[in-house]
Amino acid sequence: MDKNELIESLKKIVKPYIQDEAAFENLNEDTDFINDLKINSANLVDVILDVEDEFDIEIDNEAMEKMLSVKSAMAIIETKLAEK
Amino acid sequence: MTSEEIILNLPYQHPFLFVDELVTVSDNGIEGNYTFKNDEYFYKGHFKDNPITPGVILTETMAQIGVVCLGIHLMGNDISVDNKPKIALTSQAVDFYLPVYPNDKVTVISEKEYFRFNKLKCKVKMLNASNELVCRGSISGMIK
């Protein structure tokens, strides 16, 4: 999966949980889930559970704590996919 | 933690504590009950001369028994007198079927959907003393 495909699937996953439409329209690697998209902490858990389902991977606590931006989410997804 | 200890660790008190007793507690779910007293503060206004338990209070009762009590059980030894649970309701969707009047006893039955990264999501239902469905829905909260 290339970077753009990965960003597109992340965009689909976060869409139901975002508050900031403008930040969502401009979503890129540097977008922060909490500060830019204004996703709350409970919905961040939903994002992570949806990522697990979408990519058939398991996110542990350590990875979860790092998963705060599009860039870090992409890195974690790529690492977990490579481990499969 | 025993049922009594779970109730003691709840961050509520009169007039906003809606848990009398926990009947069963496991890692997958919980069952408890509460009897609405005749003189609950909200009956004075809901409704004028016609006391009926507000839906938000039924939702609160389901959340206190079904999510917060279960969450305290799941947190286990992470909760103590010195480390009180910090909780926040994060979402709920509830359908209501029957009214609840003063002195009615209700039973709340909750099934855990998941507890991950401090978020507890449950399927919760409330039954009246005749075992009829009063309300049911999905409630989530964060606990740590």
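Biologist: How many residues lie between β4(B) and β5(B) in the hairpin that they form?

Modeller: Two residues lie between these strands, and Phe117(B) in the turn has a positive phi of about 50°. Please keep in mind that this is a predicted model.

Biologist: What is the general rule for the sign of phi?

Modeller: Most residues other than glycine have a negative phi. Phe117(B) is not a glycine, and its phi is nevertheless positive.

Biologist: Is Phe117(B) buried or exposed?

Modeller: Burial is read from a count of neighbours, with 20 or more other C-beta atoms within 10 Å as the cut-off for a buried residue. Phe117(B) has 20 such neighbours and therefore counts as buried. A second non-glycine residue with a positive phi is Asn103(B), at near 75°. Asn103(B) belongs to the loop between β3 (87–96) and β4 of chain B, and with 11 other C-beta atoms within 10 Å it is exposed. Gly76(B), just after α2(B), also takes a positive phi, of about 55°.

Biologist: Which strands pair with β4(B), and in what sense?

Modeller: In a regular strand the side chains alternate between the two faces of the sheet. Here, β4 (residues 105–116) of chain B pairs with β2 (residues 29–35) of chain B in the antiparallel sense, over seven bridges. In that pairing, Val108(B) of β4(B) stands opposite Gly32(B). β4(B) is also joined to β5 (residues 119–127) of chain B by nine bridges, again antiparallel; there, Phe115(B) has Leu120(B) in β5(B) as its bridge partner.

Biologist: How should one read a helix, and where is the kink in α2(B) centred?

Modeller: An α-helix has 3.6 residues a turn, so residues three or four places apart point the same way. Length offers a check on α2 (residues 55–75) of chain B: at 1.5 Å a residue, its 21 residues should span 30 Å, and the end C-alpha atoms are 28 Å apart, which agrees. The kink, of about 30°, is centred on Ala63(B). As to cover, 16 of the 21 residues of α2(B) are buried.

Biologist: Which residues are joined by a cis peptide bond?

Modeller: Most peptide bonds are trans. In chain B, a cis bond joins His14(B) and Pro15(B), with omega about 10°, and another joins His46(B) and Phe47(B), with omega about -5°. Pro15(B) lies in the loop between α1 (3–8) and β1 (21–25) of chain B, whereas Phe47(B) is in the loop between β2 and α2 of that chain.

Biologist: What is the radius of gyration of chain B?

Modeller: Chain B has two helices and six strands, in the order α-β-β-α-β-β-β-β from the N terminus. Its radius of gyration is 15 Å, close to the 15 Å that the globule rule gives for 144 residues, so chain B is as compact as a globular protein of that length. Its C-alpha trace spans about 45 × 30 × 25 Å along the principal axes, and 33% of the 144 residues are buried.

Biologist: How many residues does the contact take from chain A and from chain B?

Modeller: The size of an interface is often given as the accessible area lost when the parts come together. Counted in residues, this contact takes eight from chain A and seven from chain B. On the chain A side, the elements that give two or more residues are α3 (41–55) and α4 (61–66). The largest share, five residues, comes from α3(A). By class, this side of chain A has five nonpolar, three polar and no charged residues.

Methods:
Residues are numbered from 1 along each chain as its sequence is written. Chains are lettered from A and ligands numbered from 1 in the order in which they are written. This is a predicted model: local features need pLDDT of at least 70, side-chain atom pairs count only at pLDDT 80 or more; totals for chains, interfaces and linings use all residues. Two residues are in contact if their C-beta atoms, placed from the backbone, lie within 7 Å. Helices (H or I, at least four residues) and strands (E, at least two) are DSSP runs, numbered from the N terminus. Ala, Val, Leu, Ile, Met, Phe, Trp, Tyr, Cys and Pro count as nonpolar, Asp, Glu, Lys and Arg as charged, and the others, Gly among them, as polar. The radius of gyration is taken over C-alpha atoms; the globule rule is 2.2 Å times the number of residues to the power 0.38. A residue is buried if 20 or more other C-beta atoms lie within 10 Å of its own, exposed if 12 or fewer, and partly exposed in between; C-beta atoms are placed from the backbone. The expected span of a helix is 1.5 Å times one less than its number of residues. The bend at a residue is the angle between axes fitted to the seven residues ending there and the seven starting there. Two strands pair if DSSP finds at least two bridges between them.
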